[in-house]
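Biologist: I would like to go through this structure step by step. Could you take my questions one at a time?

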Amino acid sequence: MTDVANEKAFNPRNNTFSSFGTAMEMARARRKQQQQQRAQTQQLRKQRYLDDMYGYADQLSRAGRLHEALALYQHCVEYCAQQGIQPPSAERLRHFAGALLEDLVPSMAEAAEAAHERCAAGSDPRRNDPVWASLACPSCETALYHPVTLDCGHTYCKPCLRLEDSGNEQQDRRRRRKPRCKLCIESRRTTTASAYGVVGAGAVFDDDDYDYVDDDDVSSSNSNGCNEINVLVQRLAEKWWPREVEASQARHEGDALLKKGHIQQAFERYDLAVQLAPNSPVCLCSRAHALLLLNRPQAALDDTDRALRLRPDWGKGQYERGLALSALRRYDEALVVLGASAVLDKNPYRARNEFSRVLHRVILDNAIERQRARAAKHLQRVKSVFGRDRSLYDPYRRSSLHLQPHRIGIDPLNHHRHRHHRDIDASLDDQTSDCEDNNSGGEDDFQQQNDYRRPLVTQTQAKPQDNMKLCSMVDRLSRETEKLKRLESSPSEILLPPPNGGSAGGDLDCILCCRLLWMPVTTPCGHTYCWTCLDRCLDYSSACPLCMTSLADYLANSQKSVTDFVEKALLCVAPQEYAARSAAQRQDLVQPLPPALTQVGEQVAVFVCTTAFPCTACPLFVYEPRYRLMVRRCLESGVRQFGIAACLQQRPDGYLDLDARRYAEFGTMLEIKDRVLLKDGCSILSTVGMKRFRVLRGGERDGYDTAEVEFISDVPISQEQMHSVTELHKRVRAKSSRWWATVPYCQRSEIRPVFGEFPDVEADWQRLPDGPSWTWWLLAILPLGPQLQIGILATTSLEKRLRAIEKTIDHMEQRWNLPSDLEDSDGDAAKQQENNSQDDRDDGSGVCRGNHCMIRRSRHVDDHQR
Amino acid sequence: MAALPRRIIKETQRLMQEPVPGISAVPDETNARYFHVIVTGPEDSPFEGGLFKLELFLPEDYPMSAPKVRFITKIYHPNIDRLGRICLDILKDKWSPALQIRTVLLSIQALLSAPNPDDPLANDVAELWKINESEAIRNAKEWTRRYAMDN
Ligand SMILES: [Zn+2]
Ligand SMILES: [Zn+2]
Ligand SMILES: [Zn+2]
Ligand SMILES: [Zn+2]
């Protein structure tokens, strides 16, 4: 444009046909050009001025000087209006809205502290708290519709579930996205906050509750990662709260319709939900939301009013109410309500956004109002007060008066932030001087704004009563929210089982044990069993007993958790029975192995496998279902001991041979030192031999053997024998050491990891109940037949044991000489073992146990493989 | 012997209170895990009119393991052998702890109604059943008359 003007201005100069008219035109053009330039500079100046103002206001916001910041923003808006500049966007108020909310919302640390205090008040106050016991969906807080129990044990309506954040994309492609659990996330957050005592400034907050439309929910994605509907919970909910469940269904259907954009149909579903559950704030709020979308804000407001009467401390209700008020252009009220919503829900994103939008609206409206008022006043002044002392209207005087309360600092909003003030002022001074530098040399028509701090004060405070209105609104907001913060939180619906609701009908019985469920666990396929019952089933098969779905993945990937809903239901419906059941279960665990093993005639569980020796390691591989159960019981009861005895014969294929004892009369107690649980449920046990026992009577329990036993130990060495036994011990020990030294290195390195080093002789070996431990260590690695092993175990004479060792070593030293004459010729088993020993001894060393049999399996390998 | 699990007590109670039509199962007086079972031959089957005795035993790890069931009365059936052993998947690999005595007995009754010669236990019987069904059925009727009706 300038170029064109220049051309017009200069070309005619060389033109011979120039005339007065063209000269006039030129002059006009030049003037116009100058005006434009000036306008541009002015525009730029105004913009820069505004930017500076905003910067100052933002800093004031951040420092918590909210009233001053508010005044500044107000001034900016007005200035824009005066100068005909586009008013600032809502985005401009971000800092201010943020600071305002931060002042209102209790910090996370405070919240955590409050929660902590509540917990500390009683040992577990939640137990008696109806809120805690409520069996509603933790997400929507109404009756569960299509309940799904997550792996953590919490149950939600299926439509309420959202998938967990995808996180690392690469990693995620392999892993299925699972639904995330709101309760678990919250409890994690609370513990983290209280542990570190920090304010989670930049924390990302969940916003699910405010989503009617969300792409990330479970139903919209292929729900592979999601568990099936919990059949038991569904049955109970439909039985106990039929109307509420129906309402919940209608509401969830409404949500789905809304998501597809069918607002009218969604409204009809919500309407039905309200009719079914007229006292459900959630349903009312959903209907309000649909009404708002249908452009019926007054009806929406009525619904939210009802909802909030039922549940005053409900953030989402406040949010919907704020939207309705805002749609009705009642911005002042909307502002307070939205602020409350943000406070109650610990500042969800959506409420924040809406809050700053409305705040912006309020400030704009206020500015317009003020301008109108000013115009009216001006008119009035011109009309009637013309000629009076104009100093009365001197803005300086009034502003300086008004400024006092803010500066002195009785402001409730920023009293705790005084510390910051000096810094901020300092930095502001710096900034101001910078700005002045930039502006120096400017043209005179902007002179009045140049030192803008003074004019600012005059202008912003020109009409204090208007500003008072905004400030008082902010104060009111803080008062209202303070009040709300003190409210006891109440859930939307407290759903409890009806009195005498469940146990009579057997609703809460486990299908497997036919007893009241105990520590109920729900599988991914939605079936609920007692924890222990499910464990036992999984010993036998990885399929769910009811639907035969494979639970292999579930077992491999997750820890079982008690299903919260069912446990609460049990505690409500049948507290006494449940307590009795827990007691019975503990008894179950302890019964096979009472803590005092010293008495004669104690019951012990027997692992029928091989002979183990006292003081000696005995690694075991446990794969048979019944022994998995036995080992689990040992560990869970804390006893960690069971008996082991050699297997005498295979259990014949037929059944009903209840009387045949299949294991040796003598055995050893084993103590579990370590257990490695394999993925398929098998486990490897590291055990060590303890006391020896003799079986008095055999028994059976849930498929594994038990025995009534008496413990045995060596007969004390008499004074007369002491000398000879000591001599014998010395000789056999020397012989054994010599022999051990001849064992090839490779074999020794196989034995050592399992059985350890050749033990030293104990100082008090003569008085030990099982004699010196080295004898047992040696017996464990010597190639002895099973009958001989049992015989040696049974003997209570150290002398006999030493002689047996001596004899064996003598035989071994004459290579290839089988120790068969040592065998008590007692039937087939012995012969069979002899063959085995021969195989084992093929390397000619005489050490029978190669790597492959270091870990002993129970004898029923065939059963397992079949 | 440990106390009888509640599961067995409940199942027994229910078997007594609401018996399965055509089946009676009574626990032994001395052993509550041992049941005397009588199954009546289903209508429209070669076993019609017969009363078949069976024994049923609940092993110590029932319901984790299937009950052991055996025909005592001789029966001409492709899935039941000379010793009375029954070829029925739910008694073997298809067993689930959610199944009950009742379901097992119902399955056995159904097996009498619908013999399955393609999954035989008694090979010669199955063979004949496949080659000459009418003769096999005649045999079955004959056996039923001879062994399951004289009482
Ligand atoms: Zn829900
Ligand atoms: Zn959870
Ligand atoms: Zn159970
Ligand atoms: Zn299942």
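Modeller: Gladly. Start with A:S736, which sits in helix 27 (residues 719-742) of chain A. Keep in mind that this is a predicted model.

Biologist: Is A:S736 buried or exposed?

Modeller: The cut-off for buried is under 20% relative accessible area. A:S736 has 0% relative accessibility, so it counts as buried.

Biologist: Which residues does A:S736 touch, leaving out those up to four places away in sequence?

Modeller: Distance along the chain can mislead. The C-alpha atoms of A:S736 and A:E806 are 7.8 Å apart, though 70 residues separate them along the chain. Setting aside residues up to four places away, A:S736 touches A:F758, A:W774, A:L778, A:I805 and A:I809.

Biologist: For chain A as a whole, what share of contacts between residues at least 6 apart in sequence join residues at least 24 apart?

Modeller: Chain A has 33 helices and 13 strands. Buried residues make up 48% of its 866 residues. Of the contacts between residues at least 6 apart, the share joining residues at least 24 apart is 70%.

Biologist: Now helix 14 of chain A. What length is expected at 1.5 Å a residue?

Modeller: Helix 14 covers residues 315-327, which is 13 residues. From first C-alpha to last it reaches 18 Å. That is close to the expected value, 18 Å.

Biologist: How many residues of helix 14 of chain A are buried?

Modeller: The buried ones include A:G315, A:Y319 and A:L323. A:A324, A:L325 and A:S326 are also among them. Helix 14 is largely enclosed by the rest of the structure, because the buried residues number eleven of the 13.

Biologist: Which residue with a positive phi follows helix 14 of chain A?

Modeller: Look just past the helix. The phi there is near 65°. The residue is A:R329.

Biologist: On to the metals. What is the arrangement of the four donor atoms around the zinc ion (ligand 2)?

Modeller: The protein donors are A:C152 (SG), A:H154 (ND1), A:C181 (SG) and A:C184 (SG), at 2.0 to 2.2 Å. Their angles at the zinc ion (ligand 2) run from 103 to 114°, so the arrangement is tetrahedral.

Biologist: How many residues apart in sequence are the parts tied together by A:H154 and A:C184?

Modeller: The donors of the zinc ion (ligand 2) are spaced C-x1-H-x26-C-x2-C. A:H154 lies in the loop between strand 1 (147-149) and strand 2 (155-157) of chain A, while A:C184 is in helix 8 (residues 182-196), so the pair ties together parts whose separation in sequence is 30 residues.

Biologist: What spacing do the donor residues of the zinc ion (ligand 3) have in sequence?

Modeller: Four cysteine sulfurs coordinate the zinc ion (ligand 3): those of A:C510, A:C513, A:C530 and A:C533, at 2.2 to 2.3 Å. The angles are 104 to 117°, which makes this site tetrahedral. Along the sequence, the spacing is C-x2-C-x16-C-x2-C.

Biologist: And which protein atoms are the donors of the zinc ion (ligand 4)?

Modeller: The angles there are 101 to 117°, so this arrangement is tetrahedral. The spacing along the chain is C-x1-H-x16-C-x2-C. At 2.0 to 2.3 Å, the donors are A:C525 (SG), A:H527 (ND1), A:C544 (SG) and A:C547 (SG).

Biologist: How many disulfides does the whole structure have?

Modeller: A disulfide needs two cysteine sulfurs within 2.5 Å. Take A:C647: the nearest cysteine sulfur, that of A:C609, is 8.3 Å away, and A:C647 is in no disulfide. Over all chains, the search finds zero.

Biologist: One last residue, A:D702. Which residue's side chain does A:D702 join in a polar contact of 2.8 Å?

Modeller: A:D702 is in the loop between strand 11 (683-701) and strand 12 (704-712) of chain A. Its relative accessibility is 14%, so A:D702 counts as buried. Beyond its neighbours within four places in sequence, its contacts include A:R536, A:Y540, B:E60 and B:D61. The polar contact of 2.8 Å is with the side chain of A:R633.

Conventions: Residues numbered from 1 in each chain as written. Chains lettered and ligands numbered in written order. Predicted model: local features only at pLDDT ≥ 70, side-chain atom pairs only at ≥ 80, totals over all residues. Heavy atoms only, no water. Helix = DSSP H or I, 4+ residues; strand = E, 2+ residues; numbered from the N terminus. Expected span 1.5 Å × (residues − 1). Buried < 20%, exposed > 50% of the residue type's maximum accessible area, 1.4 Å probe, protein only. Donors = N, O, S within 2.8 Å, 3.2 Å for Na, K, Ca; no water. Tetrahedral: all angles 85-135°; square planar, octahedral: opposite > 155°, others 65-115°. Polar contact = N/O pair within 3.5 Å; in protein donor to acceptor, adjacent residues only side chain to side chain. Contact = heavy atoms within 4.5 Å.
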